[in-house]
Amino acid sequence: MSNAALVQVQNVTKTFHRGSEDVPVLSGLDLMVNQGEFLALMGPSGSGKSTLLNLIGGLDRPTQGSVSIGGDRIDQLSDRELAAWRARHVGFVFQFYNLMPVLNAQRNVELPLLLTSLNKSERRQHAETALNVVGLSHRLKHYPRTLSGGEQQRVGIARAIVTDPTILLCDEPTGDLDRKSGDDILTLLQTLNKEQGKTIIMVTHDPHASARASRIVHLDKGQLSAQPA
Amino acid sequence: MNWFTQVFAIAAFNLRSLPQRKGAALSAAVGIAGVAAVLVGVLAIAQGFRHAMTKSGSPDTAIVLRSGADSEMTSNLSRDDARLISDAPGVARGSSGPLSSAELFVIIDLPKRSTGTSANVPLRGVGAAAFDVRGDITMVQGRRFELGKNEVIVGAGAARAFSGLDAGQSIKIGVNTWNIVGTFTAGGGLAESEIWTDAAVLQPAYHRPEGYQSVYAKLTSADTYDSFKDALTTNPQLKVKVSRLSDHYAEQSTLTSGFITTIGVFIASMMALGALFGALNTMYSAVSTRTNEIATLRALGFGSGPVVISVLTESLALALVGGLLGAGLAYLAFDGYQAATMNFQTFSQVTFAFSVTAPLVLTAVIGASILGIIGGLLPAIRAARLPIASALRESA
């Protein structure tokens, strides 16, 4: 596996505008993440870790600086190009799973595949494979309301990996789970990282979760302070 | 990346999640149904009125009035005028002479069955050939009046709408009493709102021994109308206005049907404004309650265009359901409903049936769709413009 920096965040500043007031969240931040890394982003509330994750995931744009993923300057893409880029390269795992309540597990996982050229049976097959990877092959037809929190998050991870994205971005993936379910999810993420070489960036405030990562960086007041895992 | 697949997928979620928002969705659909029902109902009145008025006129029948007269009420023709018109070229002939009827048109007061209040009913004195000239007069009860007698026959619409007009009864007007000897239909046309008698009997009763107001003439064919008209209008002995009966009735109906249509569209517009806010509210709340889903879909890579179209699709679907429901209810409630109203051009009552036609239903459905699209547009744009990162955070 190459050690070339997959993610290059350079001199990034992000300022939000609240009314007439400018609120700086990130200021002159640099971050490199290598392919195959499992990086934990830690920091207190309001430190800018979710903002940084959103910039890397193309959900938001920096006020200044550049964000390159796999050589693509995503901060320079149009909204339409950025949406297509996200569909191809990013798998998101959310704290509250963000599943569609009217779709069963399999259909939820199939969602990102609607943006590909796969036909219906191929989509179904890919979704089943992804659910099998997360250990939910027996819950294909279950709706989110009938699944436990841990199971819902597994469906969320299956949805994130089903397109075989370049990078997995996880925002507090265990934040809404009990310790046991959280551990299972972290083990699953570790497995995806180690066995399938997935590059993962995980935002967490839980030291127990960050301990599973290969590298931890701390954010405080919009600045990074690195420490080895 | 298939744009239509995205639209279809998101629209499908929206529609499938409707049961979770059934209260708001139902109120929007019912609001739009109300607009459609009122629009169809009122336009059905205008349509029925127009139908009753124009049904009566066939293109091979002409009506002759005095030059400058807008209606029979303001026309006046002499016996000599009537004779010259009857003898004009192009008038069809029956076994007993030309198929033309010199007619007298007066208005009498009779109480309405529905309210008991009196209203103007046309009493028409006709010539012997009137039945052949009109062609669609059918006696449904009793017999025709006899010439020279104080007998009348009553149109089925007038008999339904006014008291005391059943066959066998009599009506007293001034010093004269008229026996009702029959009831007739006229194919749903204007004559059904009238009472008919012999013009020769009506003339002395109304002190107009020499006068008529109109001459109705059956032409040998619709094509001879122009030569008939030219013959009359170029005759220096006559000062007349000649019209095809179908055109004349269409003209006579414009004021009233236009008035009804204007009122109907005004009421429906006011209701539409209310329904529009209902639809807007529903769609805003739909977008608001699904902020998380919309933001998630966009995070996954779905474009904002498909999000807009899918929200509009939902709004349109609700509006279509409402439009069809309203038009259906209006059809069940109003189609064929018998009513009478004033024709402002003759100041007499016209009886007619509300008529809910396919074009009216289509108009209502199109109107409802427009409401749906307008109601969904702003919420759809809002959904598409949601900043994904903050929408995910706010809805978490």
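## Why we call it that: chains A and B

Author: In chain A, 69% of the contacts with a separation of 6 or more are between residues 24 or more positions apart. Keep in mind that this is a predicted model.

Reader: What makes B:N235 count as buried or exposed?

Author: Its relative accessibility is 19%. Buried means under 20%, so B:N235 counts as buried.

Reader: And where does B:N235 sit?

Author: In chain B, B:N235 lies in the loop between helix 7 (225-233) and strand 14 (240-244).

Reader: What does the side chain of B:N235 reach, and why is that called a polar contact?

Author: The side chain of B:N235 reaches the backbone nitrogen of B:Q237 at 2.9 Å. The cut-off for a pair of N or O atoms is within 3.5 Å, so 2.9 Å falls inside it.

Reader: Over to chain A. Why is strand 7 of chain A called mostly covered?

Author: Strand 7 (residues 167-171) of chain A has five residues, and four of them are buried. For chain A as a whole, 54% of the 229 residues count as buried.

Reader: How do you know that strand 7 of chain A pairs with strand 6 of chain A?

Author: Pairing needs at least two bridges, and four bridges join strand 6 (residues 90-93) of chain A to strand 7 of chain A, so the two count as paired. They run parallel, and A:V90 has A:I167 in strand 7 as its bridge partner.

Reader: What about strand 8 of chain A?

Author: Five bridges join strand 7 of chain A to strand 8 (residues 199-203) of chain A, so the at-least-two rule is met there too. These strands also run parallel, with A:D171 standing opposite A:V203 in strand 8. Chain A has seven helices and 10 strands.

Reader: Now the interface. How many residues does each chain put into the contact?

Author: Chain A gives 22 residues and chain B gives 22 residues. About 2100 Å² is buried between the chains, with carbon and sulfur atoms giving 69% of that area. In chain A, A:M100, A:V102 and A:L115 lose the most area to chain B, together 29% of what that side buries.

Reader: How many salt bridges and polar contacts cross between chain A and chain B?

Author: The rule finds zero salt bridges and four residue pairs in polar contact, both residues at pLDDT 80 or more. On the side of chain A that touches chain B, helix 2 (residues 79-89) of chain A supplies the largest share, four residues. By class, that side has 16 nonpolar, two polar and four charged residues.

Technical notes. Residues are numbered from 1 along each chain as its sequence is written. Chains are lettered from A and ligands numbered from 1 in the order in which they are written. This is a predicted model: local features need pLDDT of at least 70, side-chain atom pairs count only at pLDDT 80 or more; totals for chains, interfaces and linings use all residues. Side-chain values use heavy atoms; hydrogens and water are left out. Contact means heavy atoms within 4.5 Å. Buried area is the accessible area (1.4 Å probe) that two parts lose on being put together, summed over both. A salt bridge is a side-chain nitrogen of Lys or Arg within 4 Å of a carboxyl oxygen of Asp or Glu. A polar contact is a pair of N or O atoms within 3.5 Å; within protein, one must be able to donate a hydrogen and the other to accept it, and residues adjacent in sequence count only if both atoms are side-chain atoms. Ala, Val, Leu, Ile, Met, Phe, Trp, Tyr, Cys and Pro count as nonpolar, Asp, Glu, Lys and Arg as charged, and the others, Gly among them, as polar. Buried means under 20% relative accessible area, exposed over 50%, partly exposed in between (1.4 Å probe, protein chains only).
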